[in-house]
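Visitor: I should like a close look at a single part of this structure, with its surroundings described as well. Please begin with the terms that the description requires.

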Amino acid sequence: DSSLWRSARKNRINMAFKGEDHLDSLSLPVQRMHLIQVDSVQRWMEDLKLMTDCECMCILQSKPISIEKDEQNELILSSQYSTCDNLQLLLKRAWIISTELTRIAQKLEKNRWQRVHSMTVRVNCHVRSMINEYNTFTRSSSEEMHQLEKLLIDKCSEFTAFTERCLQTEDEEILKSMKSCVNETLTTVAQYFGQLIEMVLTHEAQNLLRQIELSGSLYVTESAISSLFSLAQEGAHLCRIIAKEGGVVALFKICRQDCFRCLYPQTLRTLASICCVEEGMHQLEKVDGILCLADILTDNSHSEATHAEAAAVIAQITSPHLTFTQHLSSFLENMEEIVTALVKLCQEASSGEVFLLASAALANITFFDTMACEILLQLNAMKILLAACSDKRIVDTPYSRDQVVTILANMSVLDQCASEIVQGNGVQLIMEMLFEKSSSGNPAEVAACERVQQKSAVTLARLSRDPEVADTAIKLSCIPRLIKLCRSPTERNNSDSVLVACLAALRRLAVMSPGGLEDSDFQQLVKPRLVDSFLLCTNMEESFV
């Protein structure tokens, strides 16, 4: 469903702008999805599987259903679609194994030897199945990988035998002495497993990149890029592997070939995913990636989809939350061209998603330098953004409004900005944003609404140094709204950042219009030190018995 895809896409982009680019890697290379809670009966039924012989289970699983030995089976297994599915199966199996290893360690701490042994048997089965499944769909495993597979299988068998001996011993002292050996074996199993998964994923990334670099076929290249994108969605660890193997270089090579123009959107989308990690940024810098992005954005012959995905890459690499900024020097050299193209994309956006991507890139750029804000002012960007906000078809979510108000807040440091805001009915828009509320209750949307409220108050506080803006805000009843946000925790969703911003804006407006506040509001929200007013408002949430 395209609407679901667009919703997921917006959430992904929004998270990237907040710095939540990908899931952090856990102790093992692959840990994904949430644990599934099951009742005791279902758990008992699953444990029945342990009654079977482990070796027989693995042998049966590895046998093909079809008795025909023609090339058709190999063709199906080697197809790109099947490879993508098989990788997903491998990742799922790896997540199960890593979860089981973690649970074994927990049960071992509690000396629950029966559970430790049964879970060890289960891990043994999963490891053998995973290796058999992987060897079924891959035809080019290295000798080093086969050696590591053998080491892991042998160590799992040793682990199972060890825990079985522990199960047959009731002497507490002997069990205590054996526990350290079991822990050591568990650590070794986890280490071998981690190395194998790392090697497998690296091998698969290399295969996909080889297809991208060597194939002249549009279909093969498209399939390889699609699989690489799926792999990049599995988390930061996978993105690091892809980047280290030259993924960014290979993808930018595609973006420089006219024969692959139809693949530019998909390629840029994959680049945006990979460039959330430092290794991806290093690669981008090496291949002059920012110059390539600037060329794409300023080339009017490209489709809107291509421009939008290029904007998404810009938004990703300019996130103010990134700690690595070595690529910013080359960005500043091309900033004027990029900003101009992004403003044009905002103005001509045919959908909310395109506007979101372009405005998010602009919002991140305004954190760099006041020069970006000055360029925006020269390009009449304020008028364009304010006009877009009145079109509910284009600015249709709190995420888009978050980007717009971020740009307004950062531009409001310029003295010339105030008159632009007043002329474009911007104060009215800021007032409306102070009422931002989530319609769905979705946590990501609620957080976006909080940011909109906070940045609206910050913008108002900065702009109110101009008497004309302050007067307009007072006429629009901004003071009563700010007071309500301060005094009512539910209005600001219990957000401290919104409270501080509203107190600052209220104090600035109170200087311009002291008569606009009741005495109790002035005594509690304006006259004391900011920290004292903050504590007073936060204490309103508490209940005393």
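Guide: A residue is called buried when its relative accessible area is under 20%, exposed when it is over 50%, and partly exposed in between. By that criterion, 52% of the 545 residues in the protein chain are buried. The model is a predicted one. Its secondary structure consists of 29 helices and 0 strands. The accessible surface of the chain comes to about 25,900 Å², and carbon and sulfur atoms hold 53% of that area. Among contacts with a separation of 6 or more, 76% join residues that are 24 or more positions apart.

The part chosen for closer inspection is helix α23, which spans residues 426-433. Of its 8 residues, 6 are buried, and the helix is thus mostly covered. The buried set comprises G426, V427, L429, I430, M431 and M433. What do these residues pack against? Their partners are α20 (381-389), α21, α22 (417-423), α24, α25 (467-475) and α26. Three of these partners, α21, α24 and α26, can be followed further.

The partner α24 covers residues 443-463, and Q453 lies within it. Q453 counts as buried because its relative accessibility is 2%, which falls below the 20% limit for that class. Setting aside neighbours within four places in sequence, Q453 is in contact with M433, L434, F435, E436, R481, L485, E491, R492 and V498. Of these, M433 is also one of the buried residues of α23, while R481 and L485 fall within the span of α26, residues 478-487. Q453 therefore touches residues of two other helices, having a relative accessibility of 2%.

The partner α21 (residues 398-411) also packs with helix α19 (residues 370-378), at an angle of about 105° and with the axes 10 Å apart. At that angle α19 is roughly perpendicular to α21. From α19 the contact draws on C373, L376 and L377, and from α21 on I407, N410 and M411. By class, 5 of the residues in this contact are nonpolar, 1 is polar and none is charged.

The partner α26 (residues 478-487) packs with helix α28 (residues 519-526) at an angle of about 60°, their axes being 12 Å apart. The two helices are therefore oblique to each other, and their crossing is left-handed. I483, C486 and R487 of α26 meet S520, D521, Q524 and L525 of α28. This contact is made up of 3 nonpolar, 2 polar and 2 charged residues.

Two residues elsewhere in the chain provide a contrast in accessibility. R261 is placed in the loop between α11 (247-254) and α12 (264-274). With a relative accessibility of 29%, R261 counts as partly exposed. Residues up to four places away in sequence aside, R261 touches D299, S301 and H302. The C-alpha atom of R261 is separated by 8.8 Å from that of T306, a residue 45 positions away along the chain. E184, in turn, belongs to helix α8 (residues 172-214). A relative accessible area of 56% places E184 in the exposed class. Between the C-alpha atoms of E184 and F159, which are 25 residues apart along the chain, the separation is 9.8 Å.

How values were computed. Residues are numbered from 1 along each chain as its sequence is written. This is a predicted model: local features need pLDDT of at least 70, side-chain atom pairs count only at pLDDT 80 or more; totals for chains, interfaces and linings use all residues. Side-chain values use heavy atoms; hydrogens and water are left out. Helices (H or I, at least four residues) and strands (E, at least two) are DSSP runs, numbered from the N terminus. Buried means under 20% relative accessible area, exposed over 50%, partly exposed in between (1.4 Å probe, protein chains only). Contact means heavy atoms within 4.5 Å. Accessible areas come from the Shrake-Rupley method with a 1.4 Å probe; for residues, only the protein chains shown count as cover. Axes are lines fitted to C-alpha atoms, for helices over the stretch in contact, and angles run from 0 to 180 degrees between N-to-C directions. Angles under 35 degrees count as roughly parallel, over 145 as roughly antiparallel, 65 to 115 as roughly perpendicular and the rest as oblique. Ala, Val, Leu, Ile, Met, Phe, Trp, Tyr, Cys and Pro count as nonpolar, Asp, Glu, Lys and Arg as charged, and the others, Gly among them, as polar. A crossing is left-handed if the near helix is turned anticlockwise from the far one by less than a right angle, and right-handed if clockwise.
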